[in-house]
Amino acid sequence: MLKISLDKLDKLFEAISASQTLYIPVDREDGAAEYKKYENGMKLSSALNTLRSAKDFFFPQTENLVDFKMEGQNIEVIDVREESEDFVIFGVRACDARSFTILDKVFLAEPVDSYYKNRRDHGTVVTMACTRPTETCFCGTFGIDAAAPEGDAACYSDGESLFIEAHNEKGQKFIDSISSLLEDGDTAKLEAVRAKTREILKKLPLANLTTDNFGGDKLNEYFNSDKWGELSESCLGCGTCTFVCPTCQCYDIKDFNTGHGIKRFRCWDSCMYSDFTKMAHGNPRLTQLERFRQRFMHKLVYFPANNNGEFGCVGCGRCLAKCPISMNIVKVMKALEVK
Amino acid sequence: MQEAMINKAKQLLADGTVDRVIGWKRGEFAYDITPAVFETAEELEKEFVFDDFTAANVSKYLVKESKKEGKILAFLKPCDTYSFNQLTKEHRVVRENVYIVGIPGGPKLDAEKIKAKGITGILGVKNENYTLKIDTVYGEETMPFYEAILDKCATCKSKKHVVYDELIGDEGEVLDSNRFDMVEKLENMTAQERYDFWRGELSKCIRCNACRNVCPACTCEKCVFDNPNSGVENKAPADSFEENMFHIIRAFHVAGRCTDCGECSRVCPQHIPLHLLNRKFIKDINSLYGEYQAGEDTTSRAPLNDYKQDDCETTVVHERGVE
Amino acid sequence: MNNDTLIPYIGVVTDIRQDTPDVKTFRVVSPEGGKVFEHMPGQCAMLSIPGVGEAMFSITSSPTNKEFMEFSIKKCGCLTTWLHAMDVGQQITIRGPYGNAFPVESDLKGKDLLFIAGGIGLAPLRSVINYVRDNRANYGDVQIIYGSRSKDDLVDYKEIIDEWMNDTGIEVNLTIDNPQEGWDGHVGFVPNYVKELDPSINKTVLICGPPIMIKFTLAGLKELGFKETQVYTTMELRMKCGVGKCGRCNIGNKYVCKDGPVFRFDQLGELPDEY
Amino acid sequence: MQVNDNKDFQPLIVAFCCNWCSYAGADLSGTNRLNYPTNVKIIRVPCSCRVNPMFILRAFQRGADGVILCGCHPGDCHYTSGNYFTRRRMTLLFSMLDFLGIERDRTRVEWVSAAEGAKFAATMNEFTEAVRKLGPNRRLEDLRCRKQ
């Protein structure tokens, strides 16, 4: 496999960013990691994962869809779409890489969402294998191997060198563009590191969590479960879980009056919010119980029902770490599960 | 302490004083504790927890819970009693339906602080003589207890319970805290520095509304930011202006009512020090209109519902400090 | 870049008809004349006034009408109030068509049809009724049972009296909730009227109206011997995208905007009761 | 400290004026043919205390460079005490804006009675000049509202 020495990472980043925009996870002052546009001198974060997921690159929190100019009774529609620039996201973890597959199922299904597709076409996802998974990780539950991430190209570190391999054409193109910096390397040590990571993954507290008892066929059984009241009673109805989630994709479309035109934009929305399904004549989800149920039913039952059994969760553990009252999908699965 | 609380709860349930108990429920890990309502002794025995991580302020849940039938037992820490008292003052809770047992306060721990030290794979946390022994997937780690406490506990204002029906432990006292230090530090910066500081912080906001929804003072039935007819409804910060507006209005709406419980900053997934905005209001109110602690009593007039004819003019802002 | 369904077309409102005190019917054409797009009976379109809002409305005109589309809209929220206040000539934005349609070219072909509508619930059914009238040879007997609060609240009353009632092979039964001067027709709620009329159980039923009406009518139909597989309805929930991506109009795993709005009752029965 | 004086800059000023004193004061300055800049857009409110902090922020969002709030002199409020509440509220709001690093001279409260036409004109002149020196509002503007 091709490799580059870890102390030459700067050179690698400089080379990539010379031809296209590069985003890497960097450490923030408060210790959390976030993706930043690479500028010379930036250091790659060693954190397990970024606080916000990588979905922002393809599905940003807000984006302008279309502009309108209103004049008397007339309306002019202005298409504001522009071809996205080419960019590389470096250091995406296995869980987030899988989340793109899930988002694709929604946004690339007919009719294709051109806004999403535009960025997806121009973005290259370079993943990074995990070596230090933490207690909130449960990607294995969804069949993801943290030591062998998906993505257009994948990187693995053995502590000395960074190994790179392509998974598809886009990844190969990426590797070709930096091939002058790469050399052939022996993967013996890397295999040992990966084996060790897999050992750790097996020992994690959530390693035994399975989806065996969830899926599209359990729809009414789980919908009518009497556990929802207890599970949702302390839910604050905030949107933290949905906004840090790499697979949550619900959005709202809103108009903003700028004083000299109308901007129609879309923004992330959360099924946990009270006005998510509110209509002029009423609301089918009146209490937090129904909203809470919707979120987890969507991930564990509805999504697999519509997508050949694929679940709407990748086990990244962000909601486990971030929920203000620590209620999360793992607790829901454990409470709900009917064997 | 946990044992004493469970016994107290069981006793009060058994003798019919209360019908339900609000407290905290054990989670998957050492630190992920969920506020919960318990109805039976068995549930309490099995899941009730009170330890270094039970920081959540349960007083806001009482807005709903106290309106249900029967009486509820609430275990309140000193800071929580201020919030509860303020809610009583605003007629948001039915005081008669709540039986309050005062329990000792923090300092409570912040799992994020432990993780920020690079400690991952946390399986268990033990406090041994104010040194945390942290059992992880990668072996045992240690760190000083006080380096892992919540920001809100590091600047604790009071160990005194301002309202209770019964107390476990001793009555505490109002502390001489240094909670305004950071506000002062910012005040002494230049306007440009302050602007840069807040832009850096507020631009992290993802508008999850956790700060608003957890706040015991934010109890409007319909928030102005959720009301499509308000003209300012927004779900996402589409512009830096909207980030600023949300946080200014959020803090302003609780000015004079905020008890400084610190929940807003505790729950912020982006670690924005939101409590500084609230504290700025508290500090201004204290210095301009006389010392006032929201939630201390249930009878005094809130500073923004009150006035004196010889109050200072708004020019006081222009005349002081650094430009 | 390809067209995106989220970018709307312009529609011009060329006619506004006051149907009832709170329902107006709007005629929409494209600025160049003609229809903005083709649709099938039962499908919906997203109408919007930029800056006011966007919402899903069923297309009430039949696809056999080649000149324009019509929308019967009841005034009940922010956008509909605005639409009711506008004048002829106003441009609006329109995108669609969205959703499935009544199976007029498959399951309904050759069948005797029974339409049951309540109030504004006639809007989506009118599209089917007129489609059937224009392709009369493909369908059997047609019976229409339509009820409203009062005579004034019967949507499209003029068309019902002047056209539908004069067609051969169409039986129209009207009813209103309470007795009223100048009304010599039937008085009573739709569910009871359906039972009174005792329609033949060979008919395929298309029903739309307030949820409470649907609930009781369905129970009545079952009593008469109708099977759930014979009854179709059309649903409505809050929608933003119209293409099953924004994630809010789902009933169980089905999206009303994409998998609906037309459902057969046996399909609905498999879904959770959350609508 | 602004280096240049922004001589060519025409700031947009929004003035909230209470119906009973300041709006009449503005009227008087007009009937007395006193000049004040045309940049000042007056919004009449029933009482200065009607002005929600949100109004001030929204004015900035929609392109105001300075916002001034005028009401009856303390003690003279038509509704007895409205302006006392305004005073506390605005003091705290201005202090908060200052805390966030937004130029403190962009906001002001001034008490103008119905008889003080001259004061109204002078205040507007002076306030407009002060805002002109600050330049366009950049720290509390909504970029979407900026005219291209």
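1. Let's start where chain A meets chain C. In this predicted model, 50 residues of chain A and 46 residues of chain C take part in the contact. Putting the two chains together buries about 3,800 Å², and carbon and sulfur atoms account for 54% of that area.

2. Next, the polar side of this interface. Five salt bridges are counted between chain A and chain C. One pair to look up on your screen is E54(C) with R264(A), whose side chains form a salt bridge at 3.3 Å, N to O. Between the two chains there are also 24 residue pairs in polar contact, with both residues at pLDDT 80 or more.

3. Which elements of chain A give two or more residues to the side that touches chain C? The strands are β4 (62–71), β5 (74–79), β11 (251–257) and β12 (262–268) of chain A. The helices are α2 (94–107), α3 (114–122), α6 (219–223) and α9 (288–306) of chain A. Of these, α9(A) gives the largest share, with seven residues.

4. The make-up of that surface is worth a glance too. On the side of chain A that touches chain C, 24 residues are nonpolar, 10 are polar and 16 are charged.

5. Now please turn to chain C by itself. Chain C is split into domain 1, residues 9–98, and domain 2, residues 113–234. The C-alpha centres of these two domains of chain C are 24 Å apart.

6. How many residues of each domain of chain C are in contact with the other? Domain 1 of chain C brings 20 residues, and domain 2 of chain C brings 16. Together the two domains bury about 1,400 Å², with 53% of it on carbon and sulfur atoms. Three residues are good places to look: P41(C), T60(C) and T64(C) supply 30% of the area that domain 1 of chain C buries against domain 2 of chain C, more than any other three residues.

7. The link between the domains has charged pairs as well. Three salt bridges are found across the interface of domain 1 and domain 2 of chain C. As a pair to find in the model, the side chains of D22(C) and R149(C) meet in a salt bridge at 3.5 Å, N to O. The two domains of chain C also share six residue pairs in polar contact, both residues being at pLDDT 80 or more.

8. Finally, the face of domain 1 of chain C that touches domain 2 of chain C. Strands β1 (9–20) and β5 (69–74) of chain C each give at least two residues to this face. By class, the face holds six nonpolar, nine polar and five charged residues.

Note on methods:
Residues are numbered from 1 along each chain as its sequence is written. Chains are lettered from A and ligands numbered from 1 in the order in which they are written. This is a predicted model: local features need pLDDT of at least 70, side-chain atom pairs count only at pLDDT 80 or more; totals for chains, interfaces and linings use all residues. Side-chain values use heavy atoms; hydrogens and water are left out. Domain bounds come from an automatic or database domain assignment. Contact means heavy atoms within 4.5 Å. Buried area is the accessible area (1.4 Å probe) that two parts lose on being put together, summed over both. A salt bridge is a side-chain nitrogen of Lys or Arg within 4 Å of a carboxyl oxygen of Asp or Glu. A polar contact is a pair of N or O atoms within 3.5 Å; within protein, one must be able to donate a hydrogen and the other to accept it, and residues adjacent in sequence count only if both atoms are side-chain atoms. Helices (H or I, at least four residues) and strands (E, at least two) are DSSP runs, numbered from the N terminus. Ala, Val, Leu, Ile, Met, Phe, Trp, Tyr, Cys and Pro count as nonpolar, Asp, Glu, Lys and Arg as charged, and the others, Gly among them, as polar.
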